[in-house]
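The exercises below go through a structure piece by piece. Each one sets a task and then works through a solution.

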Amino acid sequence: MNAWPVIHRELRAEARHTFNYWLRLLGVSLLLSIFVMMMLDPQGSASKPGAKLFGNLNTALFIAIWLLVPLLTADCISRERREGTLGLLFLTPLTSRGVVVGKGLIHALRAATLLLATLPVLALPFLLGGVTWREGVMALLVNLSSVCLALAAGLIASSQCTQWNRALFLAEVLAAIFLLGFGGLFTFALLLQVAAPFVPGFTWRGVSFGEMLTGAAILCTDVAGMWSEAFGSLPAAANRAWLQTVGEGALVAIFASGLMVLRVARRLERTRQEQPPTARQLRWQRFFLAPLFWKSLFRSKMRRRLERNPVGWLQQRSAAARITKWGWCLFVIAVESSMAAEDDFVRYQLPLALLLILGLAASAAGSFSHERQSGALELILVTPLSVGQIIFGRLRGVWGQLLPALGTVAVVCLFVFQAGSFDLLWPGDDDPNNNPNSASALFLLSSFVTIPGVGFYFSLSRRHFMTAWLLTLAVGLVLPWLTLWGGRWFFFLMHLNPLTYRFGTGTALAWATVLQIVFGAATGGLLYRNLHCRRFVLVS
Amino acid sequence: MSAAPPPDNNVPAVQTFALTRVYGSMIALNALNLTVNRGDLFGFIGSNGAGKTTTLRILATFLAPSAGTAQVLGHDVVRDADAVRHVIGYMPDFFGVYKDMEVTEYLDFFGACYKIPSSQREKTVNDVLELVGLSEKKGALIGALSRGMQQRLGLARVLIHDPQLLLLDEPASGLDPRARIEMMAILQELQKMGKTIIISSHILSELETLCNRVAIIEKGKLIYTGQAQGVRDQMATGRVFWVRVIGDEVRAVELLKARPEINQVEQTEGRLKVTLNDHDTDPGCVAETLVHGGVKLVGLEEEELGLEEVFMRVTRGETQ
């Protein structure tokens, strides 16, 4: 197996990507902001601040690994396939195993540089005290396992797809499955080797599915420094068993990801030659993706869309667009149905809505990239379509994709609101004059309206989807909150109006909404100007 | 299929005045003054990076000039960009297709972009497909078409709104000889229909026979513009003659080199290549010198310069 030429090439290519630099900077900034927020939080310094800080930092890192590593890896093979360079690689004596291992190693290195960049911030809790070497080793092992599995998810997705958006989606789906599997097995092993022998009164029957999920989240992430508390309450033998289990888990994760890399290599070997779709595949496609009933109605509906706005029609014409639209809706219905029996059902609505907004941002940030790559955008821009038609056509298309799913969440929220239990959305905010429910609905509505515009702007001005998506989230969601938080502290520290620091969740949400609209309008203006001047990054 | 009427029917199809485009520190176009008359089939010639595509992109309203102005059928490409887009058809040097669309779907989409009423669109799509010879591929997926067919589809897209001016950037690149000849025939047909066509190409021999006027551009500067057939007379730095003598070739070279009208004499494969100083020099001086010098002259023929030779002579192959 010779992977060196691939490693060499990938290293050169990655060294030229400024995105890697920004990603490390983003990782460090995220952890630093968590650190600053915790330090400034008057309630956060009660006991063991170091342990809590370490736990929260580690949680942020854990989430970032599972979110970003699959996305960063997902296009590494599919891009070669799309651009026709994969076939050229196989004309050389390189083997599929060499290609996959080379690419996997470089993306592992990329993830390792992210971890290394955050190391100085992760060292801060040790200086604050309350963190032992055990938490450090545990965090290292859990994050190592996460990187290996997330990498494997990205590689598998990349070997299965040709189009980048499908590869990204599949990578995240696989990552979610691996995370659930890893978390479940890990929790089961801990219950078996630590809880059963060392926790008095522990019974398997007493563990519900919800408790398993919560336990897995705590055991994997150390949220709010829970590891430190657990280490303190367990005997030394239990602590040793726990560490041993985590070590075994890491070994299993590394072994499993190694196997998956080999499987990817085997699949690549099988599919290295381009094959046209088989008759059976075509039959299935016709059966599932082409309209069977009311065909004339469907055609006239699509024709009306084309007449109204050709750019909007472009976004909705394909079977893939319809699958995305109804796939989101189905996902939301499945989540709502499975959570309906839970006591804290209402609490899931906000994360679900935020997930849909993440999807909306991804859809918007990737919306022009296909046209940019094929050159079709240039052709559209020399037609007499106005800038407004292009923007609103795209807006309709992106909104249309998420509308059924968001509508379902909205209906559920309305139902819960009618039932009078909507206050569970923001538990702990007991100020009756500062009800955050309407403000949060307003914030979500404003996100739904403004984020596509922000996404379009970055889709046109950034070469890579990941940069565009992260910037969309940064400007559309994070920046309003950061500005609000910075503003509150500025007023507080300047003694201009100390009360502003104390306003509740509802007021904060309302201000964040206003700021979001301001940032959205500014980005929309820039988008209009760029399209009007035909100014954008040409080829992705 | 109605385009916006031009302000004045007597204005040229394209006029640029000191058109300049700068990318950072690189000058892609340097004060280009160009006129293309209505009905011209205009060849735009230059090395890679000479500024051809930049010029076409500015004319297609896709790029704004850094300085100078450009007018298309009397409309300014910056101020009246919308009017310009109605009257031009731009075909870039890439396909710009949606591979998962059918041929008719693709043309239908661009027809809608050009606001052709849906009642007319089907007929228009059929007409342009027939014109480019793709009628049999109506229902085919674009991804399944060959390169030549995709190129033809690009031409069909350009024609969908019946533009008065076609801007074609390397339309024949990558086509096989038959497809190239067919493409050129289509362009001649379109010229007969009264359309003005600007075509940039590297296949100079074809441009020579196809175009009535050409422009040669290098490093963003216009080197020549005028009749395609007159390019040789105007651009040749000096006529070249091939001379065959019997006997002392060295003496013949010495005699010829002594004449002030003769710029260069080379001995090549038993012949002498004589280059005169300029185009107006009387070629009779060659024969006269040799005969008076006592050298037996058995052959004297002028080298026929094609557009390719002229292009190679007047350009230095410098790119930016």
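Two strands count as paired if DSSP finds at least two bridges between them. The model is predicted, and the predictor gives the complex an ipTM of 0.74 and a pTM of 0.78.

**Exercise 1. Find how β11(B) and β14(B) pair, and place them in their sheet.**

Step 1. Strand β11 (residues 240–246) of chain B and β14(B) are joined by six bridges in the antiparallel sense. Six bridges satisfy the criterion of at least two.

Step 2. One bridge gives the register: B:Arg244 has B:Gly299 of β14(B) as its partner.

Step 3. On to the other neighbour. β11(B) is also joined to strand β13 (residues 271–276) of chain B, by four bridges and again antiparallel. Here B:Phe241 stands opposite B:Val274.

Step 4. The resulting sheet is open, has four strands and runs β12-β13-β11-β14 (chain B) with antiparallel pairing. Its edges are β12 (262–268) and β14 of chain B, each of which pairs on one side only. From one strand to the next, the twist averages 25°.

Step 5. Add the helices. Helix α9 (residues 249–257) of chain B packs on this sheet through contacts with β11, β12 and β13 of chain B, and its direction makes about 165° with that of β12(B). Helix α10 (residues 284–292) of chain B touches β11, β13 and β14 of chain B, at about 170° to the direction of β14(B).

**Exercise 2. Decide whether β14(B) is enclosed or lies in the open.**

Step 1. A residue is buried if 20 or more other C-beta atoms lie within 10 Å of its own.

Step 2. Strand β14 (residues 296–302) of chain B has seven residues, and the number buried is zero, so the strand lies largely in the open.

**Exercise 3. Apply the burial test to helix α1 of chain B.**

Step 1. Helix α1 (residues 52–59) of chain B has eight residues, of which seven are buried, so the helix is largely enclosed by the rest of the structure.

Step 2. List them by residue. The buried ones are B:Lys52, B:Thr54, B:Thr55, B:Leu56, B:Arg57, B:Ile58 and B:Leu59. Charged residues count too: B:Lys52 and B:Arg57 are in the list.

Step 3. Look just past the helix. B:Thr61, which follows α1(B), has a positive phi near 65°.

**Exercise 4. Describe the six-strand sheet of chain B and the helices packed on it.**

Step 1. The order is β6-β7-β8-β3-β9-β10 (chain B), in an open sheet with mixed pairing. The edge strands, pairing on one side only, are β6 (88–91) and β10 (221–227) of chain B. Neighbouring strands are turned by 15° against each other on average, direction ignored.

Step 2. For one parallel pair, take β6(B) and strand β7 (residues 165–169) of chain B, which share four bridges. B:Ile88 stands opposite B:Leu165 in β7(B).

Step 3. α1(B) packs on the sheet, touching β3 (41–46), β7, β8 (196–200) and β9 (213–218) of chain B, with its direction at about 150° to that of β7(B). Helix α6 (residues 177–192) of chain B touches β3, β7 and β8 of chain B, and its direction makes about 150° with that of β8(B).

**Exercise 5. Identify the best-connected residues of the largest nonpolar core.**

Step 1. This core has 199 residues, and those touching the most other members are A:Ile65, A:Ala153, A:Ala171, B:Val72, B:Ala156, B:Leu167 and B:Ile198. Helix α3 (residues 49–73) of chain A gives the most to it, with 14 residues.

Step 2. A second, separate core has 12 residues, including B:Leu272, B:Val274, B:Leu276 and B:Val295.

Step 3. Take A:Ala171 as an example. Beyond four places in sequence, its contacts are A:Pro70, A:Leu71, A:Thr73, A:Ala74, A:Ala153, A:Gly154 and A:Ala157.

**Exercise 6. Characterise the side of chain A that touches chain B.**

Step 1. The contact takes 19 residues from chain A and 24 residues from chain B.

Step 2. On chain A, the elements giving two or more residues are α13 (295–308), α14 (310–316) and α18 (376–381). α18(A) gives the most, with five residues.

Step 3. By class, this side of chain A has 11 nonpolar, four polar and four charged residues.

Step 4. Check the confidence. Chain A averages a pLDDT of 82, and chain B averages 84.

Conventions. Residues numbered from 1 in each chain as written. Chains lettered and ligands numbered in written order. Predicted model: local features only at pLDDT ≥ 70, side-chain atom pairs only at ≥ 80, totals over all residues. Contact = placed C-beta atoms within 7 Å. Nonpolar A, V, L, I, M, F, W, Y, C, P; charged D, E, K, R; others polar. pLDDT = per-residue confidence, 0-100. Core = buried A, V, L, I, M, F, W, Y, C linked by C-beta atoms within 7 Å. Axes fitted to C-alpha atoms, helices over the stretch in contact; angles between N-to-C directions.
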